[in-house]
Amino acid sequence: MSAAGPSQGAKAPSGGSAAGAAAKRGGAVLQTHDLVRTFGGFVATDHVNLVVEPGARHALIGPNGAGKTTLINLLTGYLEPSAGRVELLGQDVTTMAQHERCRQGLVRTFQINQLFADMTVLESVAMAVSEQKGLGTRWWKPLAGHGEVVDQAAAILERLKLLPDAYERTRNLAYGRQRLIEIALALAMRPKVLLLDEPAAGVPTSESQELFETIAELPREVTIVLIEHDMNLVFRFAERISVLVSGAILVEGDPDMIAQHPRVKEVYLGESHG
Ligand SMILES: Nc1ncnc2c1ncn2[C@@H]1O[C@H](COP(=O)(O)OP(=O)(O)OP(=O)(O)O)[C@@H](O)[C@H]1O
Ligand SMILES: [Mg+2]
């Protein structure tokens, strides 16, 4: 497994792009160093060296149980690593609390809770913007006095093409559009890096393509790392792919390289054959 070289990401050819140049200067936005997580005797994350470049559209793929969600949990601080380090924007955040990482720009989506379900789309996102600004929920009362909160929320809705649903209760939206609200709530946190664990899970195929197109159109200031099982969506979205198998990075590269890689084919064929 280590034959493929877990640290390939650090020296990936990147065609002279700004992001590639930044990575060569050591400017990865998110990076792990020999990250390990065990559960009892079971190794869920096996010496992972992940390098995420600024502006990346980076996908984590791999069979069920490969350790993708565990890796995201280690990145956000939901789980503590057994060994190794996590760096965000060049800063060691290995022991930093989740909310503090979030404040530093590392944001994952969370599911719309009951409160948001009963609110309109605009209210939900305005509430998140207000929280981010440290205004709590005070904006409710003198709504006119906090026009900037509503303006920012509306700008996020526009970016995600949710403006037509602004006054709809979130619970009434189609599932694919509800997932977009979750992304809108994450954008309200002003992320530098957005982590999406199966953003299209449970979304009908008819809606998942549009969902992914909208994600792909987010500004490059927001680096995106996502987990997705649907290879059609992955190959359209991602510019870099890391394949996790049994907790370790089996191989990394651009979509063409991954599509042709014999070990990757083996893993996926092996999976479908049982
Ligand atoms: N809290 C835990 N305690 C014990 N084992 C765990 C725990 N969390 C994850 N695991 C194990 O770690 C392995 C990796 O799980 P993980 O959820 O990261 O996989 P995944 O790649 O996200 O899979 P899927 O594609 O099904 O979402 C699995 O074998 C899982 O059972
Ligand atoms: Mg998972």
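How many bridges join E5 to E6, and in which sense do the two strands run? In this predicted model, E5 and E6 run antiparallel and are joined by 2 bridges. The two strands form a hairpin with 2 residues between them, and Leu 89, which lies in the turn, has a positive phi of about 50°. Across the hairpin, Leu 88 stands opposite Gln 91 in E6. Strand E5 (residues 83–88) also pairs with strand E1 (residues 30–39), again in the antiparallel sense, over 5 bridges, and in this pairing Gln 31 stands opposite Glu 87 in E5.

Following E6, Val 93 is found in the loop that leads from strand E6 (91–92) to helix H3 (98–103). When residues up to four places away in sequence are not counted, Val 93 touches Val 86, Glu 87, Leu 88, Arg 101 and Gln 104. Val 93 is classed as partly exposed because 19 other C-beta atoms lie within 10 Å, whereas a residue is buried if 20 or more do so. Between Val 93 and Leu 75 there are 8.8 Å in space, C-alpha to C-alpha, although the two are 18 residues apart in sequence.

The protein chain as a whole has 11 helices and 11 strands, and buried residues make up 42% of its 274 residues. Of the contacts between residues at least 6 apart in sequence, 66% join residues that are at least 24 apart.

Among the helices, H6 (residues 147–159) was examined for its length and for the placing of its residues. Its 13 residues should span 18 Å at 1.5 Å a residue, and this agrees with the end C-alpha atoms, which are 18 Å apart. The buried residues of H6 are Val 149, Gln 152, Ala 153, Ile 156 and Leu 157. Seen down the axis of H6, these buried residues fall within an arc of 140°, so they line one face of the helix. Such a pattern can be read against the geometry of an α-helix, in which there are 3.6 residues a turn, so that residues three or four places apart point the same way. The face of H6 turned away from the buried side carries the exposed residues Gly 147, Asp 151 and Glu 158, while what covers the buried residues includes helix H5 (121–132) and helix H7 (175–187).

Backbone angles were considered next. Most residues other than glycine have a negative phi. Just after H6, however, Lys 161 takes a positive phi of about 60°. Arg 190, in the loop between H7 and strand E8 (193–197), has a positive phi near 55°, and this residue counts as partly exposed because it has 16 C-beta neighbours inside 10 Å. Ser 246, although not a glycine, likewise has a positive phi of about 50°; it lies in the loop between strand E10 (240–245) and strand E11 (248–253), and with 15 other C-beta atoms within 10 Å it is partly exposed.

The surroundings of ligand 1 consist of Phe 39, Ala 44, Gly 62, Asn 64, Gly 65, Ala 66, Gly 67, Lys 68, Thr 69 and Thr 70. By character, the residues of this shell divide into 3 nonpolar, 6 polar and 1 charged. Helix H2 (residues 68–76) gives the most to the shell around ligand 1, with 3 residues.

Definitions and conventions
Residues numbered from 1 in each chain as written. Chains lettered and ligands numbered in written order. Predicted model: local features only at pLDDT ≥ 70, side-chain atom pairs only at ≥ 80, totals over all residues. Helix = DSSP H or I, 4+ residues; strand = E, 2+ residues; numbered from the N terminus. Buried ≥ 20, exposed ≤ 12 C-beta atoms within 10 Å, placed from the backbone. Contact = placed C-beta atoms within 7 Å. Near = placed C-beta within 6 Å. Nonpolar A, V, L, I, M, F, W, Y, C, P; charged D, E, K, R; others polar. Expected span 1.5 Å × (residues − 1). Arc of directions from axis to C-beta. Pairing = 2+ DSSP bridges.
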